[in-house]
Amino acid sequence: MRVAFLLKGYPRLSETFIAQEIAALERRGLDVLIVSLRQPTDPRRHPVHGEIRAAVLYLPEYLILQPLRVLKCWWKARRLATYRQTRSLWLKDLLRDPTPNRVRRFGQALVLAAELPADVERLHAHFLHTPASVARYTAGLLGLPWTGSAHAKDIWTTPEWEKREKLASCEWLVTCTRTNREHLAALAPAGRVELVYHGIDLTRFPRSSSSSHADGKSAADPVVILSVGRLVEKKGTDVLLRALARIPSSLHWRFVHVGGGPLKKKLSRLADELNLSSRVQWRGALTQDALLLEYRNADLFALASRIAADGDRDGLPNVLAEAQSQALACVATRVSAIPELVRDGQTGLLVAEEDPDALARALETLIASPARRRALGQAGQSRVVESFALDANIDALARKFGLAASGAHRLLRTA
């Protein structure tokens with residue numbers, strides 16, 4: 001079976017979890033065509049992107065920029081027996097969501113319906129918002145089944161009416177946290193939604209252990225605090241900076257941030273205002289191999305996730321599992337599915353969101369105690385290996401596509 005995977009953009013440095021999933025499914029025998037709604041914006045790629053064999057079909061990102069292509073595909077699609085019915089479905093959606101985005105997605109679906117290779121038997125959308133819209137309209141035009149994977153922002157910023165209708169029309173959908181699954185299952189027909197964690201590829205993140213004895217007492221040997229994530233509201237980097245500013249001046253630390261995003265200038269100014277600039281390093285987005293070195297050079301990992309004003313939030317940040325795979329003690333917030341991975345006091349420390357004082361106390365505790373960091377880091381590493389390894393979790397997804405599991409693995413869910 002050949003499956004078209006619909007993605008927002010490809011390749012993307014921030015969506016390694018999708019690339020590793022496609023590579024793993026290809027290794028199990030799935031024939032994949034990647035359909036990208038946008039052109040890539042970063043010339044760099046992770047090593048995993050070089051392993052993916054799938055061809056890529058780029059849809060017109062903006063319809064007005066490729067008018068002849070869109071017109072030609074519309075002329076072809078309008079002859080389909082299902083065209084009027086699918087157009088009516090789209091018009092119904094447009095009345096409830098009268099935005100240029102809704103028009104663009106139907107136009108992209110027309111192009112995909114006209115250009116999709118005849119041997120593609122299924123569409124699979126990564127993300128429940130725009131990719132799922134294109135998949136749903138295309139499936140209606142071509143009479144194909146469509147399935148999906150839902151993650152974070154796509155779940156929490158999509159209107160309930162739209163989630164209900166997409167869940168009713170897809171064949172099945174997987175999501176990466178128990179919190180997500182419970183929310184979506186309440187809106188879907190029974191048995192439609194299943195939990196499948198992303199998992200971490202331990203061949204790319206081979207286990208390592210920290211031998212750091214830094215305790216914050218020496219300016220020559222500061223504790224290195226690492227955070228990884230896009231510089232957007234839901235990551236709470238501003239809260240983390242305010243927490244760092246509250247750590248007693250007697251403790252020596254250095255903060256390294258990996259990731260780019262629209263709030264970079266604003267957060268840099270905040271670091272200046274808090275007199276933290278001499279201790280903060282902004283590394284920008286890194287490839288996976290470079291990021292692994294950052295994990296191994298750090299003593300402590302911190303993530304201050306929050307629920308953004310528009311409802312956007314993390315699911316279960318893959319960077320937490322990556323950090324724990326390297327035996328890094330993690331401090332994070334009790335947001336969304338993070339407690340499904342990090343068990344407070346056992347495999348890391350959890351604090352409430354939007355609470356820089358509590359976050360500062362947790363960081364201070366671990367900065368001053370290398371033994372506690374090692375104990376939490378080792379416990380977190382064991383939990384990742386036991387329950388969040390890629391192979392064990394990808395088997396469940398492989399079976400959904402009719403593929404054989406890899407053998408010894410089984411889907412593991414946390415207790």
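Which residues of α17 are buried? I began my notes on this predicted model with that helix, and I found the buried set to be Leu 390, Ala 392, Asn 393, Ile 394, Asp 395, Ala 396, Leu 397 and Ala 398. Because 8 of the 11 residues of α17 (residues 390-400) are buried, I wrote the helix down as largely enclosed by the rest of the structure. I then looked up what surrounds α17, and its buried residues turn out to pack against α1 (16-27), β6 (173-175), β7 (193-195) and α16. Past the end of the helix I noted Gly 402, which follows α17 and has a positive phi, near 80°.

**Entry: α13 and α16**

Since α16 had come up as a packing partner of the buried residues of α17, I looked next at its contact with α13. Helix α13 covers residues 318-325 and helix α16 covers residues 370-387, and the two pack with their axes 7 Å apart at an angle of about 115°. That angle makes α13 roughly perpendicular to α16, and I recorded the crossing of α13 past α16 as left-handed. From the α13 side I listed Ala 321, Gln 324 and Ser 325, which meet Gly 377, Gly 380, Gln 381 and Val 384 of α16. Sorted by class, the residues of this contact come to 2 nonpolar and 5 polar, with no charged residue in the set.

**Entry: α3 and α5**

I made the same look-up for helix α3 (residues 67-77) and helix α5 (residues 100-115), which pack at an angle of about 65° with their axes 8 Å apart. The two helices are therefore roughly perpendicular to each other, and α3 passes α5 in a left-handed crossing. On α3 the residues in contact are Arg 69, Val 70, Cys 73, Trp 74, Lys 76 and Ala 77, and on α5 they meet Leu 110, Val 111, Ala 114 and Glu 115. The division by class here is 7 nonpolar and 3 charged, with no polar residue.

**Entry: cysteines**

How many disulfides does a search of the whole structure find? I obtained 0, and I went on to check individual cysteines. For Cys 170 the closest cysteine sulfur is that of Cys 176, and because the two sulfurs are 15 Å apart they are too far from each other for a bond, the cut-off for a disulfide being 2.5 Å. Cys 330 is likewise in no disulfide, with the sulfur of Cys 176 again the nearest, at 17 Å. I also looked up accessibility: Cys 170 is buried at a relative accessible area of 3%, and Cys 330 is buried at 0%.

**Entry: Ile 225**

Is Ile 225 buried or exposed? I placed the residue in strand β8 (residues 223-228), and its relative accessible area of 0% counts as buried, because the cut-off for that class is under 20%. Leaving out residues up to four places away in sequence, Ile 225 touches Leu 244, Trp 253, Arg 254, Phe 255, Val 256, Leu 300, Ala 302 and Ile 367. I also took the C-alpha to C-alpha distance to His 257, which is 8.5 Å for a pair 32 residues apart in sequence.

**Entry: two residues of α6**

I compared notes on Gly 140, which lies in helix α6 (residues 130-142), and Arg 136, which lies in α6 too. Gly 140 is partly exposed, with a relative accessible area of 29%, whereas Arg 136 counts as buried at 10% relative accessibility. With residues up to four places away in sequence set aside, Gly 140 touches Thr 82 and Thr 86. Under that sequence exclusion, Arg 136 touches Leu 89, Asp 93, Trp 146, Glu 165, Lys 166 and Ser 169. One distance was added for Gly 140: Ala 332 is 192 residues away in sequence and 42 Å away in space, C-alpha to C-alpha.

**Entry: Asp 310**

Where is Asp 310 found? I located it in the loop between β11 (300-302) and α13. Apart from its neighbours within four places in sequence, Asp 310 is in contact with Trp 156 and Thr 157. Its C-alpha lies 17 Å from that of Phe 127, and the two residues are 183 places apart in sequence.

Definitions and conventions: Residues are numbered from 1 along each chain as its sequence is written. This is a predicted model: local features need pLDDT of at least 70, side-chain atom pairs count only at pLDDT 80 or more; totals for chains, interfaces and linings use all residues. Side-chain values use heavy atoms; hydrogens and water are left out. Buried means under 20% relative accessible area, exposed over 50%, partly exposed in between (1.4 Å probe, protein chains only). Axes are lines fitted to C-alpha atoms, for helices over the stretch in contact, and angles run from 0 to 180 degrees between N-to-C directions. Helices (H or I, at least four residues) and strands (E, at least two) are DSSP runs, numbered from the N terminus. Angles under 35 degrees count as roughly parallel, over 145 as roughly antiparallel, 65 to 115 as roughly perpendicular and the rest as oblique. A crossing is left-handed if the near helix is turned anticlockwise from the far one by less than a right angle, and right-handed if clockwise. Contact means heavy atoms within 4.5 Å. Ala, Val, Leu, Ile, Met, Phe, Trp, Tyr, Cys and Pro count as nonpolar, Asp, Glu, Lys and Arg as charged, and the others, Gly among them, as polar.
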